[in-house]
Each structure stands twice: as structure tokens, then as C-alpha cells.
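I opened the coordinates to take notes on overall build, cross-links and backbone oddities. The entries follow in the order in which I looked things up.

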Amino acid sequence: MRHLRHGVLGTAVLVAAACSPAPSASVVAPVVSVVVTGLDSPVDVADAGDGSDRLFVAEQAGRIRIVRGGALGDRPFLDITGRIASGGERGLLGITFHPDYPTDPRLFVDYTDRDGNTVVSSFRVSPTDPDAADADGEVILLRVAQPFANHNGGGVGFGPDGMLYIALGDGGSAGDPQGNGQRLDTLLAKILRIDVDGTPSGGNAYAIPKDNPFVAVDGARPEIWLTGLRNPWRFRFDSGTGDLWIGDVGQGRWEEIDVSRRGVGGLDYGWNRMEGFHCFEPADGCDQTGLTLPVAEYGHDLGCAVIGGVVVRDPRQGRLDGRYLFGDACRDNLWLMDPTGEGRREPVIAAHLGRTLSSIGETEDGVVYATSLGAGELLRISGPGG
């Protein structure tokens, strides 16, 4: 039997989907273990990269919790619930630490403010208490008006180039009624790339990297790195290659996985001309000129909201090492895929988790963790014996 929940992606989440096909025998079956329970709608997990053996879990309502040694701390690392509109697809949606942390003690977050707009801002960790960030020291980097309540994106992360990347959905409703996916004069339906360490310019609280692809394009927003995305809820960089992997949540039929190889910007993934490998508007004969097609897709018979994951880089995980791992917010499928080479490939279902996912992340030494919004759990995913 399947049970329905309303998830952060605005979908009817199917928990414990017993009718899913069996895992493929051709791939390793990952081992999933529960690290902590009792989290309140966890949506993201991050590692500070400071060797402290701490994990930081973002709860949708606006708190960041610390997990250390398999135990959930009582005191929030950061609590900004009073600034956030939470529920449905809104809330505290993404967290990441500066790559030079703790030398640079900044934490970066993406959240929905009380007016329904996307805010990306930084907070500093206390110099006297590494388990507390200063809620009063917020520096707002970016505020983006959201025309509708859904498709906010929400992922934030630093690339191997030290730039901050930010994922924004198409603004919501259905079918991209404003055409934001194919416009360059808006930040919606994009992945942005900004320099939080450079000298701010143009009235911004950040610098624009000079090698961003649309810096010299008349009428285009210079922050844009990638375009043509519907709702890139989760993206991660491959720690081995620097490639950027994106799970883009689909409309009515198809979920897709996109990739931008290291240092390659300016790609257009096709929304709303295309959904996955298929024409969307128009339904037939759409112009695919200049578009970058996904590397994989799956239909809504197997899920309804892709949760982009990580390329596992941990030799301790055996055959799981070197595979791209991702999930879904509506079905309990855990997928694996070969990330090497070009062209389309078919992901395989490697495991059924007994719960749906909201994010997948990794620590500095390659250990993979995931959050389950509906179950309120932090999970560890490993290969047999890993």
C-alpha cells in the first residue's frame, strides 16, 4: 500500500511504494542505515569540511541542526524561523559552507522570505562557539521575486573554482507561463554563478566572474551560468572531476538528470521547449537547436520529483565508488548510473529505501548521507561493507 504526503517539492509524495520494480541484479545494492531520527522536515545536509565530524541538517521551517557522532544536538546551529515562509515548496531550502571554512567562517543559505521571495545570504559562525552561527549577522547577497509559490529551486554550493552556484526554478505555476526557461533577462530557471570573495560591483553584494558566459550579452543577467531548467531542486559537484550534476524536477511526465562538465557554462537544457528528451511546447516538432539534452530520464510511472545526488568518490564503498547516485521525492527508489562518457544512458534502480528522499550529500572524505523529509531522518548510504 502507498501513502500520500505533501512534500517540499509540492508533490503528492508516495511513501513505501511497494509496487516498485525489483532492484537490478547487475549493480551493487547499497546499504542504507538510519543515523538519527526526530528531525523536522529535513531538506538538506552539509559538511563544513573542517574535520570536526559534524553534519549540518537544514530543517524546512528555518533551523539548522548539528549531528555529531550519530547524535542529534538539542541546540540549533542557526534558527531563522521568524524570517521564513515555510510549507509546500517554501522554507529554508539549501545550505553550504565557504570552501575555506573555518578560516572564512561563513555559512551560505537559500530560503523563502515572508513575502515569498528567494533570499540567498551568509551568516558567520561565532568565533567563540563553533556550534553556533550569528543569526543577527545576516548579509543578504541576493533577493529574487517569485511570481508563484512553487519551483523555488533552493540548492547552493561552491564549485571547484571557488565560486558560489545557486539554483533557481522557473518561478512556478505549471508549464512556465512566463517563459523564464528561455529568457536571459531573468534569474529564474537558471543556475547562477557569483563570486562572494571578489570586490562587489554594480550595487551587488558580490562580484560577477568575468568568465561567466553571458557577461557581454546585451540584456542578459551576468550571474547566469546555465539556463533552461524547470526546478533544479538539487545539484552537486563531482569531487573527482569537478563536473556539475543536476536533478531537474519535471512537469507531468519526465524527470531528468543533466550534467555540465567542469568549467562549461552557457548551456541551455531546453525547458520549456522540452521536458527530458521530449518536446513540451509545442508537443511535437520543437526546435532543439542549441539545446543540451539530458544524460538520463525516467517516467512518472517510477517517480515524480527527482532528487539529484552525488558521484560517489570513496574507494571504501566498493562497486558503489564512481557511480552517480540519486533518488526521488515520491517513490522510495535509489538509482545508480555510470557518470562517465557522453550521450544518453539508462539509470537502474539499485535499492528501495522504505522512505522517500529530499536531499543527498557527502562529507569531505566521501561518505554519503541523505535526508528523508517525510520520515524526519538522516540516513547513511554505503556499499556492502563500506
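Entry 1, contacts and overall build. I began with the contacts, bearing in mind that this is a predicted model, and found that residues 24 or more positions apart account for 56% of the contacts in the chain with a separation of 6 or more. I then looked up the secondary structure, where the chain has 29 strands and zero helices. The radius of gyration is 19 Å, close to the 21 Å that the globule rule gives for 386 residues, so I noted the chain as being as compact as a globular protein of that length. Along the principal axes, I found that the C-alpha atoms fill a box of roughly 55 × 55 × 35 Å.

Entry 2, burial, surface and charge. I looked up burial next, and 59% of the 386 residues of the chain count as buried. The accessible surface comes to about 14,200 Å², and I noted that carbon and sulfur atoms contribute 49% of that area. For the charges, I recorded 52 negative and 34 positive side chains, with the centres of the two sets lying 2 Å apart.

Entry 3, disulfides. How many disulfides does the count come to? I found two disulfides, and, with bonded cysteines counted along the chain, they follow the pattern 1-2, 3-4.

I took the pair C279 and C286 to begin with, in which the sulfur atoms are 2.1 Å apart. The angle about the S-S bond is -80 degrees, and I therefore wrote down the link of C279 and C286 as left-handed. The two partners fall into separate burial classes, as C279 has 22% relative accessibility and counts as partly exposed, whereas C286 has a relative accessible area of 9% and is buried. The cut-off matters for this reading, because buried means under 20% relative accessible area.

I then turned to C304 and C330, which form a disulfide with their sulfur atoms 1.8 Å apart. This pair links distant parts of the chain, 26 residues apart, with C304 in the loop between strand 22 (296-299) and strand 23 (306-311) and C330 in the loop between strand 24 (324-328) and strand 25 (333-337). I noted C304 as buried at 17% relative accessibility, and C330 as buried at 1%.

Entry 4, cis peptide bonds. I looked for cis peptide bonds and noted one from W271 to N272, with omega near 5 degrees; N272 has its place in the loop between strand 19 (254-260) and strand 20 (274-275). I also noted a cis bond from E281 to P282, again with omega near 5 degrees, and placed P282 in the loop between strand 21 (278-279) and strand 22.

Entry 5, positive phi. Which phi value does D53, a residue other than glycine, have? I read a positive value near 60 degrees for D53, which lies in the loop between strand 4 (42-47) and strand 5 (54-59). I also looked up A189, where phi is near 65 degrees, a positive value in a residue other than glycine, and found A189 in the loop between strand 14 (164-168) and strand 15 (190-194). Are these residues buried or exposed? I recorded D53 as exposed, with a relative accessible area of 59%, whereas A189 counts as buried at 0% relative accessibility.

Note on methods: Residues are numbered from 1 along each chain as its sequence is written. This is a predicted model: local features need pLDDT of at least 70, side-chain atom pairs count only at pLDDT 80 or more; totals for chains, interfaces and linings use all residues. Side-chain values use heavy atoms; hydrogens and water are left out. Helices (H or I, at least four residues) and strands (E, at least two) are DSSP runs, numbered from the N terminus. The radius of gyration is taken over C-alpha atoms; the globule rule is 2.2 Å times the number of residues to the power 0.38. Buried means under 20% relative accessible area, exposed over 50%, partly exposed in between (1.4 Å probe, protein chains only). Contact means heavy atoms within 4.5 Å. Accessible areas come from the Shrake-Rupley method with a 1.4 Å probe; for residues, only the protein chains shown count as cover. Lys and Arg count as positive and Asp and Glu as negative; His and the chain ends are not counted. The place of a charge is taken as NZ of Lys, CZ of Arg, CG of Asp or CD of Glu. A disulfide is a pair of cysteine sulfur atoms within 2.5 Å.
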